[in-house]
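Trainee: Could you take me through one part of this structure slowly, beginning with a single residue and working outwards from there? I would like to see how its surroundings fit together.

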Amino acid sequence: MGSTFAGRVVAAHGRHCLVEGDDGQRILCHPRGKKSSVVVGDRVRWSHSGDEGLIEQVLERDNLLYRQDEMRTKSFAANLDQVLVLLAADPVFSDMQLARALIAAEAAGIEALIVLNKHDLGAPFEQAWARLEPHRRMGTPVLPLGLKTDHGLDALHARLRGRSTLVLGPSGVGKSTLVNRLVPEAGAQTGEISRALNSGRHTTTTTTWYWMDAERQSALIDSPGFQAFGLYHLEAPALARLMPDLRATLGDCRFHNCTHRHEPGCGVRPHVGADPASDPLAIDETRYRLYGELFDELAAKPTY
């Protein structure tokens, strides 16, 4: 093996990936071997192979956000500073989808930020904002946003500055609009990436790393919309510790293996549905119901 160079994977499509060097130059690379385990955000060492490059080594990751169901594992990106879960007042968001994304981020050790778009809708926005109160109460930052009017855009900018942020969210909430607003060159970058990867007309079917500034200090990583978010890589007994509101009440159960579902002497259940004004550890009933549904799902998953 000859000289190798440092780089970061900024886009991938099939067995092709685009690697950006420390000097900002990009080169089309292929991983060695038949199996590709490279994801966007990976820091790699690569070597020249004609006009293209070969990935010689994927360096150790700080983290990796991924989802897993019975059929397959899908990686989003590696080496992230935070995950931005983008929701909208319309279409109405799913509490379960939101919970799954936040649990996956928590399991990966990545900070989460919730952003609620379509502030201009008035009453529907207020209703959606109220539904997010349990998340604000348990310490997850929640920001209002109105992309049509630029409401909240400066506050969001401040949260993204100097960080690598993956944007997650279901289809129809304004992810592409957000990326284009925060990264003026996103359209041009997307075209260049599509041509480099020979992937045809680019839609958000792959994860793409965009720099928000010329200094390459702030990054926005766009990802495909998802309808399902499997958590099969997690175990049911670990679930409560991955939900900040439940985690805050742990430690007082009579049994060390309490599932917080039905056991006597549980220290969690007395806080469910309590008035936050009188119980600072109050757990929202919807959040507790989601915990129960996810616990059952993970407890029943097939073992291999």
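Mentor: Let us begin with Leu86, and keep in mind throughout that this is a predicted model. Leu86 has a relative accessibility of 0%, and because anything under 20% is classed as buried, Leu86 counts as buried. Leu86 belongs to strand 8, which covers residues 82-88.

What surrounds Leu86 can be read from its contacts. When its neighbours within four places in sequence are left aside, Leu86 is in contact with Val115, Asn117, Leu145, Val167, Leu168, Gly169, Pro170, Val173, Gly174, Lys175 and Leu178. Leu65, which is 21 residues away from Leu86 along the chain, has its C-alpha atom 16 Å from that of Leu86.

One of the contacts of Leu86, namely Leu168, is a good place to go next. With its own neighbours within four places in sequence left aside, Leu168 is in contact with Leu65, Phe76, Val83, Leu84, Val85, Leu86, Ala101, Lys175, Ser223, Phe226 and Phe229. Leu168 also has a place in the largest nonpolar core, which holds 65 residues, and there Val19, Leu65 and Leu168 are the members that touch the most others. Helix 1, made up of residues 95-108, gives the most to this core, contributing eight residues. A second core, separate from this one, has 21 residues, and among them are Leu143, Val173, Ala186 and Tyr210. As a general background to such groupings, nonpolar side chains in soluble globular proteins tend to be buried together.

Leu168 lies in strand 11, residues 164-168, and so that strand deserves a second look through Thr165, which has its place there too. Thr165 has a relative accessible area of 0%, and therefore Thr165 is buried. Leaving aside neighbours within four places in sequence, Thr165 is in contact with Gln82, Leu84, Leu160, Ala219, Leu220 and Ile221.

Let us return to strand 8 and look at the empty space beside it. There is one cavity of 30 Å³ or more, and the largest cavity holds about 40 Å³ of space. The residues that line the largest cavity are Val85, Leu87, Phe93, Ser94, Gln97, Leu98, Pro170 and Phe226, and the elements that give two or more residues to this lining are strand 8 and helix 1. By type, the lining of the largest cavity divides into six nonpolar residues, two polar ones and no charged ones. Pro170, which is in this lining, is also one of the residues in contact with Leu86, while Phe226, another residue of the lining, is in contact with Leu168.

Finally, we can follow Val19, which was named with Leu65 and Leu168 among the members of the largest core that touch the most others. Val19 stands opposite Ile27 in strand 3. Strand 2, residues 16-21, pairs with strand 3 in the antiparallel sense over four bridges, and the two strands form a hairpin with four residues between them, where Gly24 in the turn has a positive phi of about 90 degrees. Strand 3, residues 26-31, is mostly covered, since five of its six residues are buried. Strand 3 is also joined by three bridges to strand 5, residues 52-58, and these two run parallel; within strand 5, Gly53 is the bridge partner of Cys29.

Definitions and conventions:
Residues numbered from 1 in each chain as written. Predicted model: local features only at pLDDT ≥ 70, side-chain atom pairs only at ≥ 80, totals over all residues. Heavy atoms only, no water. Core = buried A, V, L, I, M, F, W, Y, C linked by side-chain atoms within 4.5 Å. Buried < 20%, exposed > 50% of the residue type's maximum accessible area, 1.4 Å probe, protein only. Contact = heavy atoms within 4.5 Å. Pairing = 2+ DSSP bridges. 1 Å grid on protein atoms, 1.4 Å probe; cavity = no way out; pocket = protein on both sides within 12 Å on 5 of 7 lines; lining within 4 Å. Points joined across faces, edges and corners; volume = space filled by probe spheres on them. Nonpolar A, V, L, I, M, F, W, Y, C, P; charged D, E, K, R; others polar.
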